[in-house]
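Please explain how this structure is put together, going through its metal site, its unusual backbone geometry, its sheet and one of its pockets in running paragraphs.

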Amino acid sequence: MIPIFDGHNDTLVKLYKQGKSKKQNFLNKSTYGHIDLIRAQEGGLIGGIFSINVPNQNINLESASNPRLQFTNNGYEVKMNPPIDHKYAKDFTNSIIQNLYNLEKQANGIIKIIRNYDEITNCITQNKFSIVLHFEGAEAIRKDLKNLENYYDKGLRALGLVWSRPNEFGYGVPFKFPHTPNIGSGLTNYGKNLIKKCNELGIMIDLAHINEKGFMDVAKLSTAPLIVSHTGVFNICKSTRNITDKEIDIIGDSDGLIGIYFDPINLLPSSMPDKNMSLSFIVDHIDYIVQRININHIAFGSDFDGTEMPKLIKDVSYYPNLIDVLKDRGYSKTSLEKIAYKNWLRIFKETWK
Ligand SMILES: [Zn+2]
């Protein structure tokens, strides 16, 4: 079985939000959620970037008088999420980090929070499951950056500047189709300082959810390869969350990496939530990147536990289905290994200190 390292999931938040119900316990197999250790082993998953996305408080998603999702004559638009408070973000983030430490402890050496490149290669040879800690949105970071090193010491190795809302550092795209990611202004001065500091510490900067101006600012400033952990190709599905040809080329030039997600709404040309989507649509996005730049810049970034998945890859144990479709489309073993984990390893080697 080909080992798989996945560039994005929201499992930590999902485990936290279920509270005491404990339907999904990471160490036991269940049918709830998309990832646990047993289903990971069944699917070949050896590790992943585990994200902390702090949800907006007090948003009534079901409000009929003031719906967040609005259909337009040729697509949809989701109302922009408002900014969130720093202290709330910090407390939420710290609770999840504590839970992650507890999980690592309970797992008795089977799970490891990764802090450097050697640790991840050792985990692979010793059959241990690797967790790379990531924040999806930098709201827990103080704008003077005084607590960034503290989070680095706690294990933070990958940081998305924004989720789909504005913050002190930059501007995330609202969910909209059809529309380009060119919405809103670029990085703030705080954002520019954050990029420098991440380069200095060796924290991987993630450009998923950022708008086009912010992307270009990071491309100009950052000395590290450019990464988008979970996205799709704008030319195939014209949603704000997907990356344009210009962005793809800049990522290639930086020797960076693009993780492709599995969410039908951001993959299908119609942007419809089709649970019966064929996995060949995922491969269409992968093919596009491979042909436009090359095989060294493409990987998986599923978004498991963060969104609805197609039935054919309804949880992590179904990964072999996707590998089979890639094989059918002519990918060699060497190419498959790059897509499945080796490209992520190269990025970590080049980015971390
Ligand atoms: Zn996301």
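In what follows, a residue is called buried when its relative accessible area is under 20% and exposed when that value is over 50%, with anything in between counted as partly exposed. The model is a predicted one, and the values given below are computed from it.

By that cut-off H209 is buried, because its relative accessible area is 4%. This histidine sits in the loop between strand 9 (204–206) and helix 7 (212–221), and its backbone takes a positive phi of about 75° although the residue is not a glycine. The side chain of H209 also takes part in the metal site, where the zinc ion is coordinated by E136 through OE, by H209 through NE2 and by H230 through NE2, at 2.0 to 2.2 Å. Along the chain these donors follow the spacing E-x72-H-x20-H. The two histidines link distant parts of the chain, since H209 belongs to the loop between strand 9 and helix 7, whereas H230 lies in strand 10 (residues 227–231), 21 residues apart from it. H230 is likewise buried, because its relative accessible area is 1%.

A second positive phi is found at N108, where the angle is near 55° in a residue other than glycine. The place of N108 is the loop between helix 3 and strand 5 (111–113). Is this asparagine buried or exposed? N108 is exposed, because its relative accessible area of 70% is over the 50% that the term requires.

The backbone has a further feature at P178, which is joined to F177 by a cis peptide bond with omega of about -10°. P178 itself is found in the loop between strand 8 (176–177) and helix 6 (189–201). Strand 8 leads on to the sheet, an open one in which three strands are arranged in the order 3-4-8 with antiparallel pairing. Its edge strands are strand 3 (69–71) and strand 8, each of which pairs on one side only. Between strand 3 and strand 4 (residues 76–78) the antiparallel pairing runs over three bridges, and within this pairing L69 has V78 of strand 4 as its bridge partner.

Another part of the chain to look at is helix 2 (residues 37–43), which holds R39. Although arginine counts as a charged residue, R39 is buried, because its relative accessible area is 2%. What lies 3.1 Å from a polar atom of the R39 side chain? It is the backbone oxygen of S30, and this separation falls within the 3.5 Å used for a polar contact.

The last stop is the second largest pocket, which holds about 340 Å³ of space. Its lining is made up of 15 residues, and those nearest the centre of the pocket are L15, K22, N99, L103 and Q106. Two elements, helix 1 (11–17) and helix 3 (86–106), give two or more residues to this lining, and the largest share, six residues, comes from helix 3. In character the lining divides into seven nonpolar residues, seven polar residues and one charged residue.

Note on methods: Residues numbered from 1 in each chain as written. Predicted model: local features only at pLDDT ≥ 70, side-chain atom pairs only at ≥ 80, totals over all residues. Heavy atoms only, no water. 1 Å grid on protein atoms, 1.4 Å probe; cavity = no way out; pocket = protein on both sides within 12 Å on 5 of 7 lines; lining within 4 Å. Points joined across faces, edges and corners; volume = space filled by probe spheres on them. Helix = DSSP H or I, 4+ residues; strand = E, 2+ residues; numbered from the N terminus. Buried < 20%, exposed > 50% of the residue type's maximum accessible area, 1.4 Å probe, protein only. Donors = N, O, S within 2.8 Å, 3.2 Å for Na, K, Ca; no water. Pairing = 2+ DSSP bridges. Polar contact = N/O pair within 3.5 Å; in protein donor to acceptor, adjacent residues only side chain to side chain.
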